[in-house]
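Trainee: I have a chain to go through with you. Can we take it piece by piece?

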Amino acid sequence: MSKHGKVLVAMSGGIDSTVTALMLHEQGYEVVGITMKTWDYASAGTSKKETGCCNLDSFNDARAAAVHHGFPHFILDIRDEFGDFVINNFVDEYLAGRTPNPCVLCNTHIKWRALMKRADAMDCAFIATGHYGRIREENGRGVISKGVDETKDQSYVLWGLEQDVIKRTLLPLGGYRKTEIRQMAFDFGYPELAKKAESYEICFVPDNDYRGFLKRKVEGLEERVDGGNFVLADGTIVGKHKGYPFYTIGQRKGLDIALGRPIFVTEIIPETNTVVLGDEVELNRSEMNVGGINLVKYDQLSEGMEAVVKVRYKDKGTLANLYQGEDGLTKVHFYEQVKGIAPGQSAVFYEGDDVLGGGIIRR
């Protein structure tokens, strides 16, 4: 009989999830390992070998760790669930002139829900992952906060988790630094894992070429969008581009246009296949609208509430006031200008280290 209960641990075969499983096993939990196959690289149309979390070596590494330490391990095929929702959204967002964050969507709607479903079927009280964040219960609500290691903190990608999920989730790594986790892997007898390189690419875009992915997924896209106008803020046409879906806000490289000074993508207008260019200062914004809000720490936000808002994963965050608009969107008014706000990305609101909630940046 386990000391703390039964926990379903998502194991990718990488260092973080492996140490998570072994740590919980050592603490007296009854661990069940599960590896989720989200994507088949053969269907991506690239020549790159499978890397990261969805390849046979990773599956074998996860299973080997489980077998060696005497707990069960299963492989769960969620390609159908993943593909229809995450990949279709990824394509649709780029076609709408936005820059999606598929990992947030996958965490929120696919991986955690898939884990919860299987945890219930296996009578597991908890689910656990190797994310760097912390969870506690306060005033009857599950609260997500930043991990101790600011350089590895992943609370930004967890804003979409709902209360029923948060309250059953364990994040054992949140109180440690990455260097400590590497040492733990070594101490557990996995020196190669301790040195294993981390994978940062989107799992279904293994070569990091999202433009090529879009071209393969949407028949005739290239021909349809090629030859749109590059314009300046005043409407002056300064050149032709390869199609609005192939550009992102803040992009400077790969524009293939020379205006005698550094130039950036400041706006994307899909309706007219127009890409607006400007100087770096033209990327600055003092406000934005955020939709699809999920609240974490509190069940509602007070009008004008102050929060630090992050507009991208590595963003340090900017102080802002939050207001509820009549259109159902949350209005964010920054205290200072923020550069490169990209519609489609996540905006996450923080109170100190705690996640107040988050949503998707609208146009």
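Trainee: How far apart are the end C-alpha atoms of residues 227–279?
Mentor: This is a predicted model, where local features need pLDDT of at least 70, side-chain atom pairs count only at pLDDT 80 or more, and totals for chains, interfaces and linings use all residues. Residues are numbered from 1 along each chain as its sequence is written, and side-chain values use heavy atoms, with hydrogens and water left out. The span is 0% helix and 34% strand, where helices (H or I, at least four residues) and strands (E, at least two) are DSSP runs numbered from the N terminus. Its end C-alpha atoms are separated by 22 Å.

Trainee: Which feature does UniProt place at residues 227–279?
Mentor: The entry is unreviewed. UniProt positions follow the numbering used here, feature names are shortened, and annotations may be inferred rather than shown by experiment. The record gives "domain: tRNA-specific 2-thiouridylase MnmA-like central".

Trainee: What is the mean pLDDT of the chain?
Mentor: pLDDT is the predictor's confidence in each residue, from 0 to 100. In this chain, 94% of residues reach 70 or more. The mean is 91.

Trainee: Over which residues is the pLDDT below 50?
Mentor: Where pLDDT is low, the predicted coordinates should not be read in detail. The stretch in question has 14 contacts in the model beyond near neighbours in sequence; contact means heavy atoms within 4.5 Å. It is residues 46–52.

Trainee: What is the strand order of the open sheet?
Mentor: Two strands pair if DSSP finds at least two bridges between them. The sheet has five strands with parallel pairing. At the edges, β3 (73–77) and β7 (169–170) each pair on one side only. The order is β3-β2-β1-β4-β7.

Trainee: In β7, what is the bridge partner of Ile127?
Mentor: Strand β4 covers residues 126–128. Two bridges join β4 to β7, and the two run parallel. The partner of Ile127 is Thr169.

Trainee: About what angle does the direction of helix α1 make with that of β1?
Mentor: Helix α1 (residues 15–27) packs on the sheet. There α1 touches β1 (6–10), β2 (30–37), β4 and β7. Axes are lines fitted to C-alpha atoms, for helices over the stretch in contact, and angles run from 0 to 180 degrees between N-to-C directions. The angle is about 165 degrees.

Trainee: Why are the buried residues of α6 on the same side?
Mentor: In α6 (residues 178–187), Lys178, Ile181, Met184 and Ala185 are buried, meaning under 20% relative accessible area, with exposed over 50% and partly exposed in between (1.4 Å probe, protein chains only). Thr179 and Asp187 are exposed on the other side of α6. The arc is that of the directions from the helix axis to the C-beta atoms. The buried residues share a side because their arc around the axis is only 110 degrees.

Trainee: Which helices are included in what covers the buried residues of α6?
Mentor: Just after α6, Gly189 takes a positive phi of about 100 degrees. The cover of the buried residues includes α1 and α7 (191–195).

Trainee: What separates the C-alpha atoms of Tyr94 and Leu214?
Mentor: Tyr94 lies in helix α3. Leu214 is one of the buried residues of α8 (residues 210–217), and those pack against α3 (79–95) and α9 (221–225). Beyond neighbours within four places in sequence, the contacts of Tyr94 include Tyr210 and Leu214. The two C-alpha atoms, 120 residues apart along the chain, are separated by 8.4 Å.

Trainee: What is the largest C-alpha distance for the UniProt "active site" residues?
Mentor: The unreviewed entry annotates Cys106 and Cys203. Cys106 lies in helix α4 (residues 102–121) and is buried at 6% relative accessible area. Cys203 sits in the loop between α7 and α8 and is buried at 14%. They are spread over 98 residues of sequence but cluster in space, with a largest distance of 10.7 Å.

Trainee: Is Asn273 buried or exposed?
Mentor: Asn273 lies in the loop between β10 and β11 (274–278). Phi of Asn273 is near 55 degrees, a positive value in a residue other than glycine. Its relative accessible area is 15%, so Asn273 is buried.
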